[in-house]
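Reader: I am new to this structure and would like to be led through it slowly. Could you take my questions in turn and show how each answer is reached?

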2 protein chains.
Amino acid sequence: MNAGKYMLRSGLALISLLPVSPLVAASPDEAALAASNEKNACNTLFSCEQNRAEKFVAEMMADGIAVPVPKDPGGGYTHEQHKRNYKAMYQAGQLYRITGDIKYREYVRKMLLAYADLYPTLGDHPARSNQYSGRLFWQVLNDAVWLVYSIQAYEQVRGDLIASDRKKIDDQLFRKAAHFLSIDSKATFNRIHNHATWATAGVGITGYVLNDPDMTERALLGSAKDGKSGFLRQSDLLFSPDGYYSEGPYYQRYAMMPFIVFADAIEKYEPKRKIFEHRDGILLKALRTTIDLTYGGYFFPFNDAIREKSLDTEELYHGVAIAYAQTRDPSLLSIAQAQGKTVLTLPGKEVSDALAAGKAQPFVFTSRLLRDGPSGDEGAVAILREGSGPKHTALVIKNASQGMGHGHFDKLSWQLYDNGHEIIQDYGAARFLNIEAKQGGRYLPENESWAKQSVAHNVLVVDGKSHFDGNLKVAEKTAPQQLFYQDTKGAQISSAKIGTAYPGVTMLRTMGLIQISGLDQPIVVDIMRVSADKAHQYDLPLHYNGHIMRLGFDVKSNVDRRPVLGTDNGYQHIWTDATGTPAAGKAFLTWKLNDRFYTWRMADVDGTQIILGESGANDPDFNLRREPVVIARREGISDTVFASLLEPHGLFDDAAELTVASDSQIKSMSAHQQDGKDVILIDTLSGQQLAFAVSYDPDPKKQHQIDVNGKTVSWKGFAAPITMNDEGE
Amino acid sequence: MNAGKYMLRSGLALISLLPVSPLVAASPDEAALAASNEKNACNTLFSCEQNRAEKFVAEMMADGIAVPVPKDPGGGYTHEQHKRNYKAMYQAGQLYRITGDIKYREYVRKMLLAYADLYPTLGDHPARSNQYSGRLFWQVLNDAVWLVYSIQAYEQVRGDLIASDRKKIDDQLFRKAAHFLSIDSKATFNRIHNHATWATAGVGITGYVLNDPDMTERALLGSAKDGKSGFLRQSDLLFSPDGYYSEGPYYQRYAMMPFIVFADAIEKYEPKRKIFEHRDGILLKALRTTIDLTYGGYFFPFNDAIREKSLDTEELYHGVAIAYAQTRDPSLLSIAQAQGKTVLTLPGKEVSDALAAGKAQPFVFTSRLLRDGPSGDEGAVAILREGSGPKHTALVIKNASQGMGHGHFDKLSWQLYDNGHEIIQDYGAARFLNIEAKQGGRYLPENESWAKQSVAHNVLVVDGKSHFDGNLKVAEKTAPQQLFYQDTKGAQISSAKIGTAYPGVTMLRTMGLIQISGLDQPIVVDIMRVSADKAHQYDLPLHYNGHIMRLGFDVKSNVDRRPVLGTDNGYQHIWTDATGTPAAGKAFLTWKLNDRFYTWRMADVDGTQIILGESGANDPDFNLRREPVVIARREGISDTVFASLLEPHGLFDDAAELTVASDSQIKSMSAHQQDGKDVILIDTLSGQQLAFAVSYDPDPKKQHQIDVNGKTVSWKGFAAPITMNDEGE
């Protein structure tokens, strides 16, 4: 009925839907206007995009041809004008293909002739900030993007131009642009890096359009045509075998564009290359993985990431369309339906027609283990999903490598989504994209001082320092080792370790998403086992989203002026609301987010201080969000096990004014170590008892047994949940 | 196409929709299940409600008849059981009417016989907290609610019972219950108060069902049958002539239920009373006004209010259904469609059928002036709406009376909704309804210490004390005077004054929602004119929603330990982030909320300190939300004018990564006083100049003129915007 429609926005506010009549007006006149507009409305994705493009291109055409001498950096006039130009040309090219209307061809022709006049006169960009200058833009990356769009515009009109125009545009513009990108900018062209993907895509497609096999071959195999660089090599090294891109979801999304668009061109011009089968279909795998790295349509915001970035983005309109055209996978159609937008290309038309014909099938978001690294041996990201629909539970565990310069110091970090919301958060980046007032939209200083630091994540922090002491080069040398993964419904488990984040300290973290009989929602179990060669201070922060309802223990509160938790490595940004040292069984915190409650609970808290804090201190420019955090702190120990769980429970139905189970349904938890194995015992109020046991032994067939509190806990393999009784429901 | 669908939730997070395929699954099995459920799904509001009721009543019937001896207070077992019982009986009664299935009649019959056994044995409730005890419940109000529902259940079955059952239930239960409410509880019965509405409704409907005209007459006219109390008198005194209920929207919504349900019964049994025409149709006016007191479906949260309360609520399912049955107004159908739920009564069926037949028309949310007080002379609430659809702008100005015990000390306060969100906020109440952990769901101490206090509102605060020094009895004696109101599109203006909130201080506040040529969004203009018989400290707080982007002026920041702003009257709950004393033209603050920017700007700031703060200090139990506030402070003056404006501007399109006009489009503003008139001059970046002028003269025909900066500003009447030039677009 109303099932399934939901809202996409900042992970902080994915909320449930009350459908509203589309006919809510503020005056009778306005209601009539809306009704009239409805009559003229487009009714397929493609026709709506065509309407939009026609309107945009008409506006651009009315403005005339403006091809200014490059002068301004990003955000400035000449930069933005050249961007508008390539977008307008690209759409005009598609509209020419679709409608045959000569005015579109003429617009592209005139624009490209103007570029052909300008381009040969250009040297390094005046606003360049380093040696990787562009010609039209301050960075070579932007020139590459310009080329990718503009050559596709040219592709649509070239055959219908008079020879002299064609020659001029071929030789004075595109050959020179390709030369700049592939020869003058060889350093970028031959990198194994997203910037090189754009450059090789631009040059490669130009090679096809100009029928210049040498150009295309250099794009595919590198300048030396030896395959050690170039597009194919990039696809081998920038994605893991599971199609995961180590910079993280936000940048994976961006990187997909040149990969998928160039591949689409390769398939069209050289189908015998079977580019979509290359490396076992790595490009289509990567596209699918990109979609899998979302909840509620929003990308997991780990590493440098803008939290508002969703599947509703240019790169994925193309990606979904091209992937559908290649595979005819009907589940991609429901992604397109969610996006509500497609592209004007032939693949976009296929998507639109298929959707209109009712061919969409559900896109099944499954649990996945995404290995990291080109060989898949540099850690992994585990996505454990339980339930279905927009309110399902997703535990995201980041056991991945550093992820280059945009990576954060967050080894073994995690996030939890549930009930349509982000419950346990990753901060993302401290950056307000494209907003002049926030340092021109660049990464802010607080991105380094807070967002990348370990304490800003749900990770172990030792002696108040970040992983690898915040040193990128050191961090890039090693990665976690994924030890175990299973995605059996109701018993999903992931375990990983790393021994290099701090000298002499090994962190081994096992997490489970477990259904307990009698509890409505699956719970998260977290066993962080730490061993070290000397005593340390260990902090385990948890960045939660919600309003505190109940504390199980007394605290000393700083209600007036709150002190700051530390002086560096991110600690300077945390205000301390309260601290406490809970007795056994009392270390729990319940909060509410919208219509559900969450209780976090820790066992074995003798010697553990709990700190309730909030981010936002030492932020004179108001660059940070203010968000709550709870930290478990142990000092003066070397080996320890932090055993905790997170239990979603209850219901707060404000329409019916009904509250159910606003307090935890768990009576107690205890943690036990024996023979190097860990067991957590959980007792519910209604009498169930569950054990979660970890042997750490990789042999899946081996039986294990521990006696705890007079009970025998036995299981097979690395880890398992074990129902200890059958009482209650 | 996708127009109009939007989300309803906390005013903090009304956000725009990206539609999603309803077929998002987490596994192939779950997808199949969802598809199967879809086949059996109900497809009208009525059939869905019937499904729900059948399921609920089946569960209750399976549990057997439980009519426990009353013992527990609200939230406890016997209280909740008696509530479940009346709900089940009510729904069973309707199901019997609809289906004729005898099992429903039997269930009601057995339940009522059990109550008939119990009721005569009852005295005052054991858990009563005052003298207004119920019999079944700790408060007489709950007994009245029980009676309203249970008598409607009995109404459906009574005629089909054997005489002995009928006599027993009539005499041992309902006559006794009506006696308790109307005679034993005469003090409540004869009040002019919502509790009395419930009591008279219960007794009155019982009189109809038992064919006892005396009972009904006492309910309608009061115990003495002289009309000085009773239902009719309540409808005269509890609503203003515009149907506004002075306790505020949250309680208005609650109060509507007994009014509308009893009126429906009166109309059915005594149509010649023409109850819906009484007092010029006051009940239907009140129902419409209740709907008008919302944005995005959520009630304006002023006075004591739970922010999550929306039109999706039992009282309004009944209200909309009954009003539709009386008026056949098709715009009510789109409210029902938004609610997604109706009731099982005949009016509910009418709504459902009419909706299914496509008869819904837009509900037009217009600007309104809602007078307060039974005679309409105790101030008013002005709702100024500009634009249409879910993103329209609504300026809500509260020039109303105190509103009894649930009122806040917030004279001349305001809120702004725009772009689907609450931009300038009213805190609502400090209460977590029905949540045991938060003092059992009751109003919290912080409701008194923060939420009711003046500084928690967008009002003038003098010498750090609340209006009427926080004294309810004093506050109830006077109300603001609405001086002017016009709702001409593009030039909507409201003005009011009060001279009794502080001894010797008169506040006169004129606000406008004004379209300026060349600006995309209307702006809010605020002229707070203060005159006093001696010098004071004046604070003008603004509680905004969003993330700071830019400050126009330098501040001294408290980035580490933030001091608290004061010691009482709410000031103890505000942390001070930063303070500054802006130079002329520099007193502005820009923030961002989702995809739009807002700039607040103040003129004439010589001697004004701007304080940037955040609520949440001195809150050891984490009962408060932490929300930003900006305060303009002037000290040591008696007469002053605070002239400010709030400008929505720009666009932050994260999907397209496009930012437009993230900074103010206004170049400057200045404020001028002459001959007791106020003028604000506003210059935009693109060259428009607008004057907003206030004469304070109520004569609508009188011409006024002021010379400002060499220009002549002339206008007619109390206040007006005047375009000063025609330059630019």
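The questions and answers below go through the annotated spans, the cores, a helix pair and some single residues of this predicted model.

Reader: Which domains does the domain assignment give for chain A, and how far apart do the C-alpha centres of domain 1 and domain 3 lie?

Author: The assignment divides chain A into domain 1 (37–230), domain 2 (238–364) and domain 3 (369–664). Taking the C-alpha centres of domain 1 of chain A and domain 3 of chain A, the separation is 44 Å.

Reader: What does UniProt list for residues 66–287 of chain A, and how much of that span is helix?

Author: An unreviewed UniProt entry lists these residues of chain A as "domain: Alginate lyase". The C-alpha atoms at the two ends of residues 66–287 of chain A are 36 Å apart. Strand makes up 0% of the span, while the helix share is 66%.

Reader: Where does UniProt place the feature "domain: Heparinase II/III-like C-terminal" in chain A, and how much of the span is strand?

Author: The annotation, which comes from an unreviewed entry, covers residues 371–629 of chain A. The end C-alpha atoms of this span lie 29 Å apart. Helix accounts for 4% of residues 371–629 of chain A, and strand for 44%.

Reader: What feature does UniProt place at residues 686–720 of chain A, and how far apart are the end C-alpha atoms of that span?

Author: The unreviewed entry names the feature "domain: Exo-oligoalginate lyase C-terminal". Residues 686–720 of chain A are 0% helix and 57% strand, and the end C-alpha atoms are separated by 22 Å.

Reader: How many residues does the largest nonpolar core have, and between which domains does it lie?

Author: The largest nonpolar core has 108 residues, and those with the most contacts inside it are B:W146, B:Y154, B:F174, B:F262 and B:I291. Residues of this core come from both of two domains of chain B, so the core lies between domain 1 (37–230) and domain 2 (238–364). Another core, of 107 residues, lies apart from it and includes A:A144, A:F299, A:L311 and A:L332.

Reader: Which residues does B:F262 touch, leaving out those up to four places away in sequence?

Author: B:F262 is one of the residues with the most contacts inside the largest nonpolar core. With residues up to four places away not counted, B:F262 touches B:T200, B:A201, B:G204, B:I205, B:Y208, B:A219, B:L220 and B:F231.

Reader: How do helix α5 and helix α11 of chain B cross, and is the crossing left-handed or right-handed?

Author: The axes of helix α5 (residues 140–157) of chain B and helix α11 (residues 249–269) of chain B come within 12 Å and cross at roughly 35°. The contact is made from the α5(B) side by residues including B:L141, B:V145 and B:Y149, and from the α11(B) side by residues including B:Y254, B:M257 and B:V261. As for its hand, the crossing of α5(B) and α11(B) is left-handed.

Reader: Is B:F299 buried or exposed, and how far is its C-alpha atom from that of B:P249?

Author: B:F299 lies in strand β2 (residues 298–299) of chain B. Its relative accessible area is 4%, and because a residue under 20% counts as buried, B:F299 is buried. Among the residues that B:F299 touches are B:P249, B:R253, B:L311 and B:Y417. B:F299 and B:P249 are 50 residues apart along the chain, yet the distance between their C-alpha atoms is 6.1 Å.

Reader: Where does B:L232 lie, and is it buried or exposed?

Author: B:L232 is found in helix α10 (residues 231–237) of chain B. Leaving out residues up to four places away in sequence, B:L232 touches B:L220, B:L221, B:R273, B:I275 and B:H278. At 15% relative accessibility, B:L232 counts as buried.

Reader: In which loop does A:N211 lie, and is A:N211 buried or exposed?

Author: A:N211 sits in the loop between α8 (194–209) and α9 (213–221) of chain A. Its phi is near 55°, a positive value in a residue other than glycine. The relative accessible area of A:N211 is 64%, and because over 50% counts as exposed, A:N211 is exposed.

Notes:
Residues numbered from 1 in each chain as written. Chains lettered and ligands numbered in written order. Predicted model: local features only at pLDDT ≥ 70, side-chain atom pairs only at ≥ 80, totals over all residues. Heavy atoms only, no water. Core = buried A, V, L, I, M, F, W, Y, C linked by side-chain atoms within 4.5 Å. Buried < 20%, exposed > 50% of the residue type's maximum accessible area, 1.4 Å probe, protein only. Domains from an automatic or database assignment. Contact = heavy atoms within 4.5 Å. UniProt positions renumbered as here; feature names shortened; annotations may be inferred. Axes fitted to C-alpha atoms, helices over the stretch in contact; angles between N-to-C directions. Left-handed = near helix turned anticlockwise from the far one by under 90°.
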